[in-house]
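Good morning, everyone, and thank you for making time for this short presentation. Please have a look at the chain on the screen before I begin to describe it.

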Amino acid sequence: MSIINRLAVILCGYEFIPHSVSYDGGGDRFWHAVPVCAYLMDTDEGYIIVEGGLDERKLRDPSLRQRYFPQRTGYPTPLVAPQHEIIPQLAAMGITPADVAHVIQTHLHADHTGHTMSFPNATVYIQRADYDYARQQSPAKGYIPEEFNVPADRLQLLDGDTTLFPGLELMFTPGHSPGHQSPLLTLKNGRRFLLVGDVVDDRRNMAQNILPGGMTDREQARASMERIRTIMEEGAMGIFLHDAAQVTEIPLAPEWL
Ligand SMILES: [Zn+2]
Ligand SMILES: [Zn+2]
């Protein structure tokens, strides 16, 4: 039995990055624009959001951008065009921020936490290992701690694999970050989806067995990559958060998968 009726993929911006960020050993000669995605589930427990995307306000105001996205000289900042903003996309589906009951974070990099605090009634689920690590980090390291400074009464810290609800499992997949997790969904109609998060950026990593570019632990990253490969071989469709091609191939919000 599952509580999940439907899943939607929300495209919420782009980052322009060297291959070294996506592919271990990828170098900085070749660059690509990768999407940033978040996810929406319609469930018997209310709406569940996975990831907070990017905060467009911090990207558009020059002083905020300088403070929160201090890129290396010559590196572009991420792009959130109006059609990528999360809150208006939810509104177009008839959903207000107050309607969101739960928020799940795969991890806490700044391209995943922009709107984590935008849902005033939501319980937020984070792996403890990631929370403890990321709170000590800064924008220069790709983290914005105030974006996940969730009030204690709405914060749920998790320790490893967790079945959150029937049909919604959080698989512990560390390596890209110390406490990364990947939601594994079974819809009521039986379809299964694995929200990969940043275990790897895209399908090229999987096809060519290339580790992600950013890792806190290489052995964990390799094990997590093999774990998601097994889950996909068992029939779950892998949805890649930074896969530039896949995002053009699948239905996006306001459509449901
Ligand atoms: Zn990341
Ligand atoms: Zn990311």
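I will go from the chain as a whole to its two sheets, and then to the buried interior.

Please keep in mind throughout that this is a predicted model. In the chain there are eight helices and 11 strands. Taken along the principal axes, the box that the C-alpha atoms fill is roughly 50 × 40 × 35 Å. For a chain with 257 residues, a compact globule would have a radius of gyration near 18 Å, and the 17 Å of this chain agrees with that. Of the 257 residues, 45% are buried. If we take the contacts with a separation of 6 or more, 67% of them are between residues that lie 24 or more positions apart.

Let me turn to the sheet of six strands. In what order do its strands lie? The order is β1-β2-β3-β4-β5-β6, in an open sheet with mixed pairing. At the edges we find β1, residues 4–18, and β6, and each of these pairs on one side only. From one strand to the next, the twist averages 20 degrees.

For those of you who are new to this, strands of a sheet pair through backbone hydrogen bonds, and the pairing is either parallel or antiparallel. Strand β5, residues 123–127, and strand β6, residues 155–158, run parallel and are joined by four bridges. To find this pairing on the screen, you can look for Ile 126, whose bridge partner in β6 is Leu 157, and for Gln 127, whose bridge partner in β6 is Leu 158. Between these two strands the chain passes through helix α5, residues 128–134, and the resulting β-α-β crossover is right-handed.

The loop between α5 and β6 deserves a pause. Phe 148 lies in this loop, and is it buried or exposed? Phe 148 is buried, because 23 other C-beta atoms lie within 10 Å, where 20 or more are needed. Leaving out residues up to four places away in sequence, Phe 148 touches Gln 105, Leu 108, Thr 113, Thr 116, Ile 126 and Ala 134. By contrast, Gly 238 is 90 residues away from Phe 148 along the chain, and their C-alpha atoms are separated by 26 Å.

Val 150 also has its place in the loop between α5 and β6. With 21 C-beta neighbours inside 10 Å, Val 150 counts as buried. Among the residues that Val 150 touches, again not counting those up to four places away in sequence, are Met 117, Val 124 and Leu 155. One of these, Val 124, is 26 residues from Val 150 in sequence, while the distance in space is 7.4 Å from C-alpha to C-alpha.

Now we come to the sheet of five strands. This open sheet has the order β7-β8-β9-β10-β11, and its pairing is mixed. Why is one side of β7, residues 162–165, and of β11, residues 237–240, left without a neighbour in the sheet? Both strands stand at the edges and have a single partner strand each, so there is nothing in the sheet to flank the other side. Direction ignored, neighbouring strands of this sheet are turned by 25 degrees against each other on average. Helix α7, residues 218–233, packs on the sheet and touches β8, β9, β10 and β11, and its direction makes about 160 degrees with that of β10, residues 192–197.

Within this sheet, β7 and β8 run antiparallel and are joined by three bridges. They form a hairpin with two residues between them, and Gly 167, in the turn, has a positive phi of about 90 degrees. The bridge partner of Phe 165 in β8 is Leu 168. Strand β8, residues 168–172, also pairs with strand β9, residues 181–186, in the antiparallel sense and over five bridges. Here Leu 170 stands opposite Pro 183 in β9, and Phe 172 stands opposite Gln 181.

I will finish with the interior. The largest nonpolar core has 62 residues, and those with the most contacts inside it are Ile 10, Cys 12, Cys 37, Ala 38, Tyr 39, Ile 49 and Val 196. Taking Cys 12 and leaving aside its neighbours within four places in sequence, we find contacts with Val 36, Cys 37, Ala 38, Gly 53, Leu 54, Val 80, His 84 and Ile 86.

Note on methods: Residues are numbered from 1 along each chain as its sequence is written. Chains are lettered from A and ligands numbered from 1 in the order in which they are written. This is a predicted model: local features need pLDDT of at least 70, side-chain atom pairs count only at pLDDT 80 or more; totals for chains, interfaces and linings use all residues. Two strands pair if DSSP finds at least two bridges between them. Axes are lines fitted to C-alpha atoms, for helices over the stretch in contact, and angles run from 0 to 180 degrees between N-to-C directions. Two residues are in contact if their C-beta atoms, placed from the backbone, lie within 7 Å. A nonpolar core is a set of buried Ala, Val, Leu, Ile, Met, Phe, Trp, Tyr and Cys residues joined through C-beta atoms within 7 Å. A residue is buried if 20 or more other C-beta atoms lie within 10 Å of its own, exposed if 12 or fewer, and partly exposed in between; C-beta atoms are placed from the backbone. A crossover is right-handed if, with the strands pointing away from the viewer, the path from the first strand over the helix to the second runs clockwise. The radius of gyration is taken over C-alpha atoms; the globule rule is 2.2 Å times the number of residues to the power 0.38.
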